[in-house]
Protein chains: 2
Amino acid sequence: MSQGRPSGVTIDVVDGGITAPPGFRAAGVASGIKKTGALDLALLVADAPASAAAVFTTNKAQAAPVLVSREHLARSGGHAVAILVNSGCANACTGPEGLAVTRSSADFVASIVGCAPDQVLVASTGVIGVQLDLDKIRKGAGSAAGALSRNGHLDVAKAIMTTDVAPKEAAVRVATPAGTFHVGGMAKGAGMIEPNMATMLGFITTDAAVEPAVLQRALKEAVDVTFNAITIDGDTSTNDTVFLLASGTSGVAVGDALYPALVSGLREVCGMLARAIVRGGEGATKLVSITMTGAVSVDEATKAAKTVANSLLVKTAIHGGDPNWGRLVAAAGRAGVAFDVERASVRVGSIVLFKEGVPFDDRAPQAADYLTGTDIEIEIDLGAGGSHAATVWTCDLSAEYVKINGEYRT
Amino acid sequence: MSQGRPSGVTIDVVDGGITAPPGFRAAGVASGIKKTGALDLALLVADAPASAAAVFTTNKAQAAPVLVSREHLARSGGHAVAILVNSGCANACTGPEGLAVTRSSADFVASIVGCAPDQVLVASTGVIGVQLDLDKIRKGAGSAAGALSRNGHLDVAKAIMTTDVAPKEAAVRVATPAGTFHVGGMAKGAGMIEPNMATMLGFITTDAAVEPAVLQRALKEAVDVTFNAITIDGDTSTNDTVFLLASGTSGVAVGDALYPALVSGLREVCGMLARAIVRGGEGATKLVSITMTGAVSVDEATKAAKTVANSLLVKTAIHGGDPNWGRLVAAAGRAGVAFDVERASVRVGSIVLFKEGVPFDDRAPQAADYLTGTDIEIEIDLGAGGSHAATVWTCDLSAEYVKINGEYRT
């Protein structure tokens, strides 16, 4: 994700996750929504009203917290003080009752942190169609407000997990000639993941000073090539959300000159989190990057890459270490984009298995050997004569995925 | 599939598969393409040149036999004498060499059965990217020609299998006021199945007398609501083909009056074969029909039904007997069609789990009980206020699917 980094800008990975940028405190608590007693409620609070940006799911069935957060951002003019997130219950497809619970949750948080209700953003993740327990949210949010800390990043990263195997955090320091700022973040997501616009839940903070409109543009630009370029199972959630808050604490104001540096920092953090989501995909054992070249447009390259990335036959072959490049060609061929099999090529790692319509099946053993690794790179030239390319990240499909998803509720 | 059957027409299921209609002989042999020594080459021969129709894959990577058969049908004006089918090798992505092998195979069959080369149709199924052994094809076709029989249906049905667990045959007798004719058929397919136009390999015969153009129209009409309405894994093969030959042996000429009876017979046979393909899908344990109602067009109903039918989260939930209707709503919501969650409903069997935006989660145990069956019916009202509907058949997704497809070649 380092391509296009502006000159004179240095980006270093740092610790601290979502509270790495000064100006934010966080706490994660166990509110009882998860019956296991695990952390399930996260509260992030800005020391002062922060610029806020968001991208939401494109699914037409949108969860109550998505509807409410969208409304709050519009009303507040892109400012927020707090984000409340619960796991264990998606509060989606819950009708008017679900919407009322979400509004009451936001009102309650506003009252305890001392801000306007529309300065509170909300997100939920978990089972669809079950009502969220407002009492548990209130008690949990109260406890969390009393436990807010500049070091709360790991607790909140844990509190937003569902079937995730590990918390997902990332943070960088962006040094520019005009000053240094930070970008930090956390994400959750392990299934129902093919973002069309946002993905699962992602939360990003920065101490740069950025106007809301600029912040929104930068977030969209970073998300398009990170969270929106991953797919685990092709399903788009009802709750997908990425929030970005900017505290301005660093005093580094992002105008035209520093905009590329901000986007670079966001791409770095969003990219790390997005790849962590794929690597931690339900039942996943491999991170697979699919690069599509020779396309007549970036859209066609992306469409073909996603078709290949979501092919069950491709995902199972990679899982089994089977260099079945024919499945890659077949998936590209049905993607609905310009494709010429007589000029198409397939590369698995550094091994060319198919070039301009001719197979090199004798190289299959080499490719099989490469596929025993955990980081797989595949490149397909669509042979369409175009000069456009796109990369999508996905994971393999294992029997464990079926097990996890066949037994989710029961 | 019995809806729309014309009055005065009786359709009865009969034995005999693809050789049930008089005028055809078949033989299946082991040519050595499959290393296991199983039957792998099928030859079907009409006693006299038959009217012929076909539908082929919409995948842009089309296998050599698809290219050659399309060419032959055009040149022969829709007539054929023989169909040669091999399993174990798809002869797809095999470049000029693969094309030459297919042409030589057809020439050889023409020479031994005594017809023009363009009266021979060909189909292949199996691994992509491996060259087909012409010597084995020639020896096998020679043996098959010597073994042709009016009772050869089961051998050819076995010879076209790959990972299929059982041969798939169907046949009916269509009694009309103007006379009686038969429709028979066989199919194979267990993976890489989401037909956009045809599906896997299907072979249909009839002893009705039908002009090629009428035969083509009838085949397309029947295939659209049968083979084209199933999906196992969303992948469209490079080799998908359905052939239909009409011998005319019955003396029953199909004009405008009998056309509906012909289509009914074809729908019956194609429907039985299509559902057999889904029921025998790789690792499948359940046949699932997804009916989408309340859509603004049949296209939107079909698109939404296929999106739900291909959702890994839906397929794994059904496999695990989990009445996770939220996944159904989420999949419908991302289908890219008109959808209103506040007016949408979900029915699993006879149990309504979600109605006009409100969940009935207390009925989940009843639905879980229903999902222990092997024939599952799901109906989703998109709430879009339209009056259009469509049904798609799919299967559940099991760990066995992953096992089969992770180990296909190795």
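The following exercises, with worked solutions, concern helix packing and chain symmetry in a predicted model.

**Exercise 1.** Determine how chain A and chain B are related.

*Solution.* Begin with the superposition: a turn of 180° and a shift of 0.0 Å along the axis lay chain A on chain B with an RMSD of 0.1 Å. The two copies are thus related as by a two-fold rotation axis. Next, locate this axis relative to chain A: A:Ala399 is the residue of chain A that comes closest to the rotation axis, with its C-alpha at 2.1 Å. Finally, consider the interface: 100% of the interface residues of chain A are also interface residues in chain B, so the copies meet through the same surface.

**Exercise 2.** Classify the orientation of α11(A) relative to α8(B) and describe their contact.

*Solution.* The axes of α11 (residues 399–406) of chain A and α8 (residues 312–319) of chain B come within 8 Å and cross at roughly 70°. Therefore α11(A) is roughly perpendicular to α8(B). From α11(A), A:Val402, A:Asn405 and A:Gly406 meet B:Leu313, B:Thr316, B:Ala317 and B:His319 of α8(B). By class, this contact has 3 nonpolar, 4 polar and no charged residues.

**Exercise 3.** Classify the packing of α8(A) and α9(A) within chain A.

*Solution.* Helix α8 (residues 312–319) and helix α9 (residues 325–333) of chain A pack at about 160°, their axes being 9 Å apart. Angles over 145 degrees count as roughly antiparallel, and α8(A) and α9(A) are therefore roughly antiparallel to each other. The crossing of α8(A) past α9(A) is left-handed. In the contact, A:Leu313, A:Val314 and A:Ala317 of α8(A) meet A:Arg327, A:Leu328 and A:Ala331 of α9(A). By class, the contact has 5 nonpolar, no polar and 1 charged residues.

Note on methods
Residues are numbered from 1 along each chain as its sequence is written. Chains are lettered from A and ligands numbered from 1 in the order in which they are written. This is a predicted model: local features need pLDDT of at least 70, side-chain atom pairs count only at pLDDT 80 or more; totals for chains, interfaces and linings use all residues. Axes are lines fitted to C-alpha atoms, for helices over the stretch in contact, and angles run from 0 to 180 degrees between N-to-C directions. Helices (H or I, at least four residues) and strands (E, at least two) are DSSP runs, numbered from the N terminus. Angles under 35 degrees count as roughly parallel, over 145 as roughly antiparallel, 65 to 115 as roughly perpendicular and the rest as oblique. Two residues are in contact if their C-beta atoms, placed from the backbone, lie within 7 Å. Ala, Val, Leu, Ile, Met, Phe, Trp, Tyr, Cys and Pro count as nonpolar, Asp, Glu, Lys and Arg as charged, and the others, Gly among them, as polar. Copies are superposed by least squares on the C-alpha atoms of residues with pLDDT of at least 70 in both. A crossing is left-handed if the near helix is turned anticlockwise from the far one by less than a right angle, and right-handed if clockwise.
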